[in-house]
Structures are given as C-alpha cells and as structure tokens.
Amino acid sequence: MLTLLIVLIFAVMLGTGVIPHQYEGGTMDVLADAVTRDAAGGLELKETPALAKLRANVPDLWFIIRDKEGHRLEEGTVPAEFQPFAERLDNISDARFDREIGEAEPPDVRVRWTDTGAGNVQIMSGTKGELSLLRILMQAPNFFVQAILPLSGLMALSTLFVTPWVVHGALRGLGHAAAAAERIDIDQRGLQLPADKVPREILPLVKAVNDALGRLDRGYERHKRFLTDAAHELRTPIAILATRIAALPPSPERARLLQDTARLSTLTDQLLDLQRLDRQRETFGPIDLVDVARTVVVDLAPIAFAAGYEMDFEAEATSILVSGDRTAIERAVMNLIQNAIEHGGNTGKISVGVSAPALIEVADEGNGVPQEERERIFEPFHRLRPRSHGAGLGLNLVREIMQLHGGHIEVVDDVAKGACFRMAFRPLAA
C-alpha cells in the first residue's frame, strides 16, 4: 500500500508538472541503453525506439561516448563553447556545464561515467532528453529495496512495539468499566460504569449501559415497594381472619384453617424481612455470634421440646464477633432451627454449634437433604416436601441474610444422619 501510494503521488506530480518531463539525464539514459559493442569490440549504438524518438525530438543531437580502452563513438557537432572540455575528457569524471553564470536546471551539457551493455563508459551530451517513465518503473525494484523496504521495516517494528502500548492506554478506561460491570449484582445496585478515560468510540455504549442500569434500578425499587406495600396490606386481613377462625368451635377443619392462616402470616412476615434486608446494612455493628445463637436456642427450645426433640448447644469460645445486624442474624438462626423442627422427623436431637473463625451450624437427625436438592432448597418458594407447612422462603431468607453479611450458607456433607446447615460469616478484625 505504501508503494502504491508513492507511485500515485509521483504520477500526480508528473502529470501536474511538479516534476518536469525534461531533466538533465534524459539523453544519457537513452544513450546508455543503446550503446553496445560491435564484433571488433568497438562501440556502436543499436537503434532502439527510445533512440529513434530522441533523434526525432532533438534535431541537433550530439554526444561523445568513450571507454577506458580508447574506443570512441561520436555523433553531431559539439557546441564551440564546450569544445575545450570535449578535448580534456581524460581529466573529467563527472561534470555539469552551462552557458550562463549560476546553476541552471537542467544544465546545457552533462558528463559522467555510467554502466551500460558495453561496460563502463563515459558519456558527454546535451540535456534535451525527456524523463522516461518506463525507466523510472524499471528502477522501482531498486528503489523499493533501498528506500521503501527499510522504511516499511522500520514502520513495522514501530507498530509492533508502539501499537500495544497505545491500545493499552486507550483501552485502560474500558478495563475500569469492565471491572465495575463485574461488581454489578442484585445486591449491588446503583452502580454505574465509569465514563472517564473511556475511548470516544465506546462512550455512547457506556452511556447506554448506564441508562439501562438506571432504569433497572428504578424498576427494582418499584418492585420492592410493591412487595412491601402488599405484605403490609395483607397482615391486617390475615390477623382478622385468624381471629375469626380461632373463635369457631374446635374441629379438624378449624385446626387446618388455623395452620393455613399461620402459613400466610409467616409468608407476609418473611416478605417484609426480605425487603428490610436492603436497609439493614446501615445498622451494622459488632455482633457476638455465641450470644445470638444461645438466645435463639433458649427462645425456641420449648417449641422443639413440644415437637419431640432434644436441644443441644455448644460453643468453642465465649465470644465470636462479626459485623452485622443482630435482628437479621437472629432471624437466620431461627429459620434454620424452625426448618430442623419441621423436617427432623419429630425425634432425636437438634444441635446448634458456634465455632471459629465465625461459623454457626444447625443439625438434626431426620432424613437429610437429597444431593440433587441442595442448591434448589435455597430458591424462593421451593419446598423440599410440598405438603409441609412452610412457605418456601425460610432458607431463601437465610441465604439473603448471609449474602448481606458477606458470608454464605451451605449443606454440610460429612454428617452420619440428618441435615446440617453451616453459616459462615466474615470474622470481625481484632
């Protein structure tokens, strides 16, 4: 492409006259191409088309061609003012002569030694020949090797080392935007991709993504407000319904209705808890996991005893501190114990343990959790046993609370019987 560009520029310059058609080497170029040797080793000219054209365009053509062996070929009449120089060619290697004082372009006479088909010869001639485009094209390979190829190599090396640096600098802002995009999550709302230092070509895309994120945040806020308002509105009619059912005469139907209303009441409470989680980060402070777990165990022990269980509580330390919201952590532990009461088979022991660095484990001796269900049980409204009294939000709420506190919940594999849930918190730095 670089070669074609140079040829195009040269053709334009030649066509517009920036490069003149007449230059000082025109006659010499034609003579150098035509000179050859005869059978006796002397110098002669072969009639080439270029030589015929030169004779036609320059009626007063004259020249002297000689070699180092003394062979000489002349044609035409050397102008009188240049005759003395023609007689002293032995002492001239390369020269330009003109009739007037000063440097003329082209000069009237040119003398030089040049390589030809007859060997190295000296030519003295006028300078009325024209620039030969064909000769220029024939010299193009040499020009390419001597000029364009080194330049192209230099450009390639520069591109090899400079381009990665330039591209890296130009796309550094895009890397920051990608890093910010990786932090966007359902729990990390309100984030925007940084638009500073982003290439101008990418800036419209970044702005469009930020606008889309803003619309998603606003839609999510409307969704949260709807769930919160709906849960609040449901609490009153559910309470009224429970009161009226409790006033009915005792019967199996009354007991089933009370269970259903209790389930609805639990569902509304859990929905409200889910909506409160987003605002509880502002209330974070040092929380003692041992004290929280002990308090919940004491509160739920009567319910566990009534359901046929034994309760066991163990702590490796007197105090294990984490940063969080006490009410939310209590709700998480309570949900796990209630889950154990619901699915433990109404027999055996429910164990609650607190251990370093910041772990709470709740285990029962029931049927356990099937391997294929261990991820799905944390999904909202998914129930391991469809006929259970739960709403399917208890374990999902525990997972949300753990994510809010930078921890996680998992089902422990290495238990002999039953299910064991482990909550892993981020310990508070001393």
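Helices H11 and H12 cross in a left-handed manner. In this predicted model, the axes of H11 and H12 come within 9 Å and cross at roughly 145°. From H11, the residues that make the contact are Ala328, Ile329, Arg331, Ala332, Asn335, Leu336 and Asn339, and H12 answers with Gly394, Leu395, Leu397, Val398 and Ile401. Sorted by class, the contact of H11 with H12 has eight nonpolar, three polar and one charged residues.

H11 also packs against another helix, H10. Helix H10 spans residues 289-306 and helix H11 spans residues 326-343; their axes come within 9 Å and cross at roughly 40°. H10 and H11 are therefore oblique to each other, and their crossing is right-handed. On the H10 side, the contact comprises Leu289, Asp291, Val292, Thr295, Val296, Val297, Leu300, Ile303 and Ala304. These meet Arg326, Ile329, Glu330, Val333, Met334, Ile337, Gln338 and Ile341 in H11. By class, the contact of H10 with H11 has 12 nonpolar, two polar and three charged residues. Ile329 of H11 thus appears in the contact with H10 and also in the contact with H12.

These helices lead into the interior of the model. The largest nonpolar core has 42 residues, and those touching the most other members are Leu289, Ile337, Phe421, Met423 and Phe425. At least two residues of this core come from each of H10, H11, strand S11 (349-355), strand S12 (359-363), helix H12 (394-404), strand S13 (408-411) and strand S14 (420-424). The element that gives the most to this core is H10, with nine residues. Leu289, one of the core residues that touch the most other members, also belongs to the H10 side of the contact with H11, as Ile337 belongs to the H11 side.

Phenylalanine 425 shows how one such residue is surrounded. Once its neighbours within four places in sequence are left aside, phenylalanine 425 is in contact with Leu289, Val322, Ile329, Ala358, Ile360, Met402 and His405. Among these partners, Leu289 is part of the H10 contact with H11, and Ile329 is a residue of H11 that takes part in the contact with H12. Apart from this core lies another, of 18 residues, which includes Val30, Val58, Phe63 and Leu73.

Val30 directs attention to a further pair of helices. Helix H2 (residues 26-34) and helix H3 (residues 49-57) pack at an angle of about 140°, with their axes 9 Å apart. That angle makes H2 oblique to H3. The crossing in which H2 passes H3 is left-handed. Thr27, Val30, Leu31 and Ala34 of H2 form the contact with Ala50, Leu51 and Leu54 of H3. The class composition of the contact of H2 with H3 is six nonpolar, one polar and no charged residues.

Phe63, also named among the members of the 18-residue core, is a contact partner of glutamate 74. Glutamate 74 is found in strand S4 (residues 72-75). Not counting residues up to four places away in sequence, glutamate 74 touches Phe63 and Ile64. Glutamate 74 and isoleucine 64 are 10 residues apart along the chain, and their C-alpha atoms are separated by 4.5 Å. Is glutamate 74 buried, exposed or partly exposed? Its relative accessible area is 47%, so glutamate 74 is partly exposed.

Two loop positions merit inspection of the backbone. Proline 357 is found in the loop between S11 and S12, and a cis peptide bond, with omega about 0°, joins alanine 356 to proline 357. Asparagine 346 lies in the loop between H11 and S11. The phi of asparagine 346 is near 55°, a positive value in a residue other than glycine. Asparagine 346 is partly exposed, with a relative accessible area of 47%.

The chain as a whole places these details in context. The protein chain has 12 helices and 14 strands. Of its 430 residues, 35% count as buried. Among contacts in the protein chain with a separation of 6 or more, 60% are accounted for by residues 24 or more positions apart.

Technical notes. Residues are numbered from 1 along each chain as its sequence is written. This is a predicted model: local features need pLDDT of at least 70, side-chain atom pairs count only at pLDDT 80 or more; totals for chains, interfaces and linings use all residues. Side-chain values use heavy atoms; hydrogens and water are left out. Axes are lines fitted to C-alpha atoms, for helices over the stretch in contact, and angles run from 0 to 180 degrees between N-to-C directions. Helices (H or I, at least four residues) and strands (E, at least two) are DSSP runs, numbered from the N terminus. Angles under 35 degrees count as roughly parallel, over 145 as roughly antiparallel, 65 to 115 as roughly perpendicular and the rest as oblique. A crossing is left-handed if the near helix is turned anticlockwise from the far one by less than a right angle, and right-handed if clockwise. Contact means heavy atoms within 4.5 Å. Ala, Val, Leu, Ile, Met, Phe, Trp, Tyr, Cys and Pro count as nonpolar, Asp, Glu, Lys and Arg as charged, and the others, Gly among them, as polar. A nonpolar core is a set of buried Ala, Val, Leu, Ile, Met, Phe, Trp, Tyr and Cys residues joined through side-chain atoms within 4.5 Å. Buried means under 20% relative accessible area, exposed over 50%, partly exposed in between (1.4 Å probe, protein chains only).
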